[in-house]
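Q: Pick one part of this model and walk me through it closely, strand by strand if need be. Then show me how it sits in the rest of the chain.

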Amino acid sequence: MSRVLVLNSGSSSVKYRLFDGASTVAKGLVERIGESGGEVPDHRAALQGIMDETDLTGLAAVGHRVVHGGPDFTGPTVIDDQVVAQVEALVPLAPLHNPAALTGIEVARKLLPDVPQVAVFDTAFHATIPPEGVTWAISRELAERWQIRRYGFHGTSHAYVSRRTAHVLGRDPASTNVITLHLGNGASACAVDGGRSVATSMGMSPLPGLVMGTRSGDIDPTVIFHLHRVAGLPLDEIETSLTRHAGLLGLSGANDLRTVLERRAAGDADATLAFDVYCRRIREYVGSYLAVLGRVDAITFTAGVGENAPAVRAAALAGLEPLGIEIDPDRNERREEVISPPGARIPVCVIPTDEELEIADQSRTALSLPR
């Protein structure tokens with residue numbers, strides 16, 4: 001087994017986890033980097049602190065989470081100067097995420113110059129979606145010039161969870177079709193055909209698709225034109241509204257689903273509508289992906305909401321019993337791995353995600369290291 005350090009660098013934070021094989025031997029989070037009252041002044045100090053506190057003896061690789069890989073990065077990639085330059089060129093596609101990853105990569109390469117570094121991209125798992133699934137019906141010239149297409153995100157989670165679902169059901173992942181529902185503050189759905197992504201709800205950015213904590217999900221583009229032309233709002237303000245003040249927050253005043261559920265239970269009309277919109281959108285995507293896949297062997301919930309909100313799981317799939325999809329209320333409340341009744345035509349599962357373990361495994365794959 002080989003040791004891999006996984007780094008998830010944000011603009012003001014670094015989350016880390018050290019693996020020895022599949023076992024976690026150290027983990028932590030450094031927050032408020034460079035902020036007043038924060039722990040450390042910059043990312044270099046944060047990573048230096050991590051290395052001072054963590055036994056990195058035998059470290060074989062550092063795996064970095066990189067949100068956007070554009071059209072060219074379709075798998076885990078060993079980092080060199082050319083790769084860094086390519087990731088920098090993708091910053092316009094992910095201006096909030098890729099710069100932070102680049103900072104983490106730059107600092108880690110300087111502090112650990114003899115350790116191979118690997119970039120693992122959120123978008124890479126979705127590189128197998130066929131052209132008709134990533135192409136929008138706009139001018140081909142515009143699309144090609146500005147790299148406009150569906151990329152998809154949460155790829156490490158969808159890859160890990162779809163494979164784990166097959167194992168839980170005693171099936172071969174290569175012959176198992178799964179609809180995975182990654183429901184957290186960010187949320188996305190994915191149709192997985194034999195271990196390959198063939199459709200996903202997020203697009204060029206993480207904004208479209210399912211309703212999220214603060215993101216709108218799918219919306220008529222005319223809304224943007226209307227707000228700009230008629231309401232007179234600047235484009236930056238509209239973008240901020242749709243990404244930071246929409247979703248559950250925009251509908252109910254709370255982006256935490258637990259708060260929404262509490263208010264809904266107390267009879268709050270806004271929270272009730274927010275819950276209903278949230279669950280209906282999930283159900284719409286499940287129906288769409290049933291059609292895309294043709295045969296579905298399982299539907300799996302994962303991530304913070306997906307793993308911990310029985311009410312969401314029940315409401316999101318309500319009414320789909322004629323399609324062979326139903327949930328056993330007791331199993332759902334206990335959050336068993338399989339929450340559908342015995343003998344259900346399409347099993348419904350709850351599988352905890354582990355994106356960091358997936359990044360560690362993909363880093364080993366890129367370097368041909370033992371797991």
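A: Let's start with valine 14, whose bridge partner in β3 is valine 30. Keep in mind throughout that this is a predicted model. Go one place along and you get another rung of that ladder, with lysine 15 in β2 bridged to leucine 29 in β3. Valine 14 also has something on its other flank: serine 9 stands opposite it. So what are the strands around it doing? Five of the seven residues of β2, which covers residues 14-20, are buried, so this strand is largely enclosed by the rest of the structure.

Now the two neighbours of β2. On one side is β1 (residues 3-9), which pairs with β2 in the antiparallel sense over seven bridges. The two make a hairpin with four residues between them. On the other side is β3 (residues 23-30), and here too the pairing with β2 is antiparallel, over seven bridges. This second hairpin has two residues between its strands, and glycine 21 takes a positive phi there, near 65°. When you look along any of these strands, it helps to remember that in a regular strand the side chains alternate between the two faces of the sheet.

Zoom out a notch. How many strands does the sheet have, and in what order? Six strands form an open sheet, running β3-β2-β1-β4-β6-β5, and the pairing is mixed. β3 and β5 are the edge strands with a single partner each, so one side of each has no neighbour in the sheet.

Next, the aromatics, since the far end of that sheet brings one in. Searching the whole structure turns up two aromatic pairs. One is phenylalanine 73 with phenylalanine 121: the ring centres are 4.5 Å apart and the planes sit at 15°, so this pair is stacked. Phenylalanine 73 comes from the loop between β4 (59-66) and β5 (77-78), while phenylalanine 121 belongs to β6 (residues 117-121), so the pair ties together parts that are 48 residues apart in sequence. Phenylalanine 73 is buried at 8% relative accessible area, and phenylalanine 121 is buried as well, at 2%. The other pair is tyrosine 285 with tyrosine 289, where the centres are 5.7 Å apart and the planes at 70°, so this one is edge-to-face. Both tyrosines lie in helix α11 (residues 269-293), four residues apart, or about one turn of the helix. Tyrosine 285 and tyrosine 289 are both buried.

There's a ring with a charge over it, too: arginine 264 lies over the face of phenylalanine 275, at 3.8 Å from the ring centre. For another arginine, try arginine 258, which is in helix α10 (residues 257-265). Buried or exposed? Arginine 258 counts as exposed, with 61% relative accessibility. Its side chain makes a polar contact with the side chain of aspartate 256, at 2.8 Å. Aspartate 172 is another story: it is 86 residues from arginine 258 along the chain, and their C-alpha atoms are separated by 36 Å.

For a contrast, have a look at threonine 180 in strand β7 (residues 177-183). Threonine 180 is buried, with just 1% relative accessible area. Its side chain makes a polar contact with the side chain of histidine 158, at 2.7 Å. Leaving aside neighbours within four places in sequence, threonine 180 is in contact with His158, Val161, Ser162, Ser188, Ala189, Cys190, Val192 and Thr300.

Last, the whole chain as a frame for all this. The secondary structure comes to 15 helices and 11 strands. A compact globule of 371 residues would have a radius of gyration near 21 Å, and the chain has 21 Å, which agrees. Along the principal axes, the C-alpha atoms fill a box of roughly 60 × 55 × 45 Å. Of the 371 residues, 49% count as buried. Among contacts in the chain with a separation of 6 or more, 64% are between residues 24 or more positions apart. And back where we began: β2 is the strand with five of its seven residues buried, flanked by β1 and β3.

Methods: Residues are numbered from 1 along each chain as its sequence is written. This is a predicted model: local features need pLDDT of at least 70, side-chain atom pairs count only at pLDDT 80 or more; totals for chains, interfaces and linings use all residues. Side-chain values use heavy atoms; hydrogens and water are left out. Buried means under 20% relative accessible area, exposed over 50%, partly exposed in between (1.4 Å probe, protein chains only). Two strands pair if DSSP finds at least two bridges between them. Rings of Phe, Tyr and Trp (its six-membered ring) pair if their centres lie within 6.5 Å; planes under 30 degrees apart count as stacked, over 60 as edge-to-face and the rest as tilted. A charge sits over a ring if NZ of Lys or CZ of Arg is within 6 Å of the ring centre and within 35 degrees of the ring normal. A polar contact is a pair of N or O atoms within 3.5 Å; within protein, one must be able to donate a hydrogen and the other to accept it, and residues adjacent in sequence count only if both atoms are side-chain atoms. The radius of gyration is taken over C-alpha atoms; the globule rule is 2.2 Å times the number of residues to the power 0.38. Contact means heavy atoms within 4.5 Å.
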